[in-house]
Amino acid sequence: MITFFVCLTILIVGYFTYGKVVDKILAPNDEHLTPAKRLADGIDYVELPWWKVLLTQFLNIAGLGPIFGAILGALFGPIAFIWITLGCLFVGSVADMLVGFVSMKHDGLSITELVGLYLGRHTQKFMIVFTFILLVLVGVTFTMAPAAWLNGRMPLPSSPGGVPWMWVLIIIAYYVFATIVPVEALIAKLFPPLSVAMLAACIILLIALFMNLGSDGFTMMEFSFENLQPQGQAFFPFIFTTIACGAVSGFHATKSPMMARCIGKESEAKRVFFGSMIIEGVVALIWAAITMAVLGDRLFVLRENAAGNLVSMVGYLGGQGGTVDYMANVLLPTGLATVLIFTAVIIFPITSADTGFRSVRLMFADAFKWDQSKVINRVLVSIPIFVIAWILTWIDFGIIWRYFAWSNLSIAAIALWMGARYLASLKKNYWIAVIPASILSYGSLSYILQAPEGFQLGVRFANGALISNVIGIVFALVLFALFITSAKSAPEKLAHVTEKITVD
């Protein structure tokens, strides 16, 4: 557990140190009126206390990612702690902070609009498609997982294919309501207490693990840099897509602008955006630690044989959802375990999907300049979104969903490049964004070149994995060089954009 506590300490200390560095570079000024004050409409632009925005943002971005991703990330062994910690502190937190802050400086514009301003209209078109696919897939998946869990305990009529359509319909009906009502009417009231409940559940589970360590077979693996994947899957670039939301996620970039419309002071951006990502990193660390302790040494020895490894055990338990169910019941009394499972498998995904659909509405409203002050306008924007989502719930999109990991990583990279461009345009230190953007760009291309859902170079050629990594590295270096050569002229080229930055 030493590695876990070291990483936990780094995250907490990092918030007060590196978070302060990032905040100083962005230079918030409380004399500038935020969108929540200047554009208050009682619908999407609503000033809220910073702690409400923080807790809402945390539940916005958390979803199933820091739980399910951490469970799969644990398959790599204790080295997964390192990526969660460094990724969360130097990549994910910076990306969320940049998107949220830049959005706040541009009237709360969505990530697609910000990309258009700083990276050009062609990149914006690509971003709109990627973002729409990502958010709808997230919304549908975060509908099906809770619906399946609920239907297993409280069965309602299902389709011949096994789709729990009644539960799906109930959950989507809630999404429609949450998407069109004022942010203060539901999200601002519901999310803060649910965030506290989720954090309490994680802490309770961690305490239960500590109480059982050293007994009944619960032990933590000793740290090593050895990759424990039984199939020998490379740590890079697959760790980027395995542990996403707990370390860095493009999904967050779609959510931050929504909260940028609710912040009352610029100085609160660090607490909200950087702080919520650090909290999510802590959640991911906890679930990775629990998975390693409960499954790693208790039931088998990793890599001992083809059938006795963590991968097969997770599959045997019914995937990540079944693993959460199993671990909670092993560590906690039945009643408490049920509450925790409900919190993890129902609350987290539903409260991320509802704001995800809301983000899609805001994205299209920004793009087409549609007034959202009237309910009918919000309904008209939302209807086609939910029709598409409903259709997808009846289609087997398992293969398509695997592209989520890649699109998630790609959007995070683009968000960081946007942030770097913003910093360069104001002659600020852009290295905090350029370095992580380059790393994610490498990961994105290298992954799609060798992943099963990509070009599969790792399978087609003897040195396919090496070739993919080399191409990814070269691609990242090219983007890095292009950015550096254009950074000096950025203030002049983007003068028409920076002039629009709101300062009063």
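Here is a short chat about the structure shown above, in questions and answers.

Me: What kind of model is this, and how are residues numbered?
Reply: It's a predicted model, where local features need pLDDT of at least 70, side-chain atom pairs count only at pLDDT 80 or more, and totals for chains, interfaces and linings use all residues. Side-chain values use heavy atoms, with hydrogens and water left out, and residues are numbered from 1 along each chain as its sequence is written.

Me: Which residues are joined with Asp-44 into one salt-bridge network?
Reply: A salt bridge here is a side-chain nitrogen of Lys or Arg within 4 Å of a carboxyl oxygen of Asp or Glu. Asp-44 pairs with Arg-358, with the closest N and O atoms 2.8 Å apart. Asp-44 also meets the side chain of Arg-361, at 2.9 Å from N to O. Bridges that share partners therefore put Asp-44 in one network whose other members are Arg-358 and Arg-361.

Me: How many residues apart in sequence are the parts tied together by Arg-361 and Asp-44?
Reply: Helices are DSSP runs (H or I, at least four residues), as are strands (E, at least two), all numbered from the N terminus. Arg-361 belongs to helix α15, while Asp-44 is in the loop between α2 and α3, so this pair ties together parts whose separation in sequence, in residues, is 317.

Me: Is Asp-44 buried or exposed?
Reply: The cut-offs are simple: buried means under 20% relative accessible area, exposed means over 50%, and partly exposed is in between (1.4 Å probe, protein chains only). Asp-44 has 5% relative accessibility, so the word for Asp-44 is buried.

Me: Which residue forms a salt bridge with Asp-107?
Reply: Asp-107 sits in the loop between α5 (80-105) and α6 (111-119). At 28% relative accessibility, Asp-107 counts as partly exposed. The N to O distance in the bridge is 2.5 Å, and the partner is Arg-38.

Me: What is the phi of Lys-427, roughly?
Reply: Most residues other than glycine have a negative phi, and most peptide bonds are trans. Lys-427 lies in the loop between α18 (403-425) and α19 (431-450), and it is exposed, with a relative accessible area of 70%. Lys-427 is not a glycine, yet its phi is positive, at about 60°.

Me: Which two residues does the cis peptide bond with omega of about 5° join?
Reply: Look in helix α10 (residues 235-242), where Pro-237 is found. The cis bond has Pro-237 on one side, and the pair is Phe-236 and Pro-237.

Me: Which residues form one aromatic cluster with Phe-236?
Reply: Rings of Phe, Tyr and Trp (its six-membered ring) pair if their centres lie within 6.5 Å; planes under 30 degrees apart count as stacked, over 60 as edge-to-face and the rest as tilted. That rule gives 23 aromatic pairs. In one cluster, Phe-236 is grouped with Phe-76, Trp-83, Phe-235, Phe-240 and Tyr-442.

Me: Which ring does the charged end of Lys-270 sit over?
Reply: A charge sits over a ring if NZ of Lys or CZ of Arg is within 6 Å of the ring centre and within 35 degrees of the ring normal. Arg-271 lies over the face of Trp-50, at 4.7 Å from the ring centre. For Lys-270 the distance to the ring centre is 3.8 Å, and the ring belongs to Tyr-15.

Me: How many residues of α4 are buried?
Reply: Phe-68 lies in this helix, which covers residues 65-73. Phe-68 counts as buried because its relative accessibility is 16%. Others that are buried include Gly-65, Pro-66 and Ile-67. The helix has nine residues and is mostly covered, with a buried count of eight.

Me: How far apart are the C-alpha atoms of Phe-68 and Ala-344?
Reply: Along the chain these two are 276 residues apart. In space, their C-alpha atoms are separated by 9.7 Å.

Me: How many disulfides does the structure hold?
Reply: A disulfide is a pair of cysteine sulfur atoms within 2.5 Å. Cys-7 is buried, at 4% relative accessible area, and Cys-202 is buried too, at 2%. The number of disulfides in the structure is zero.
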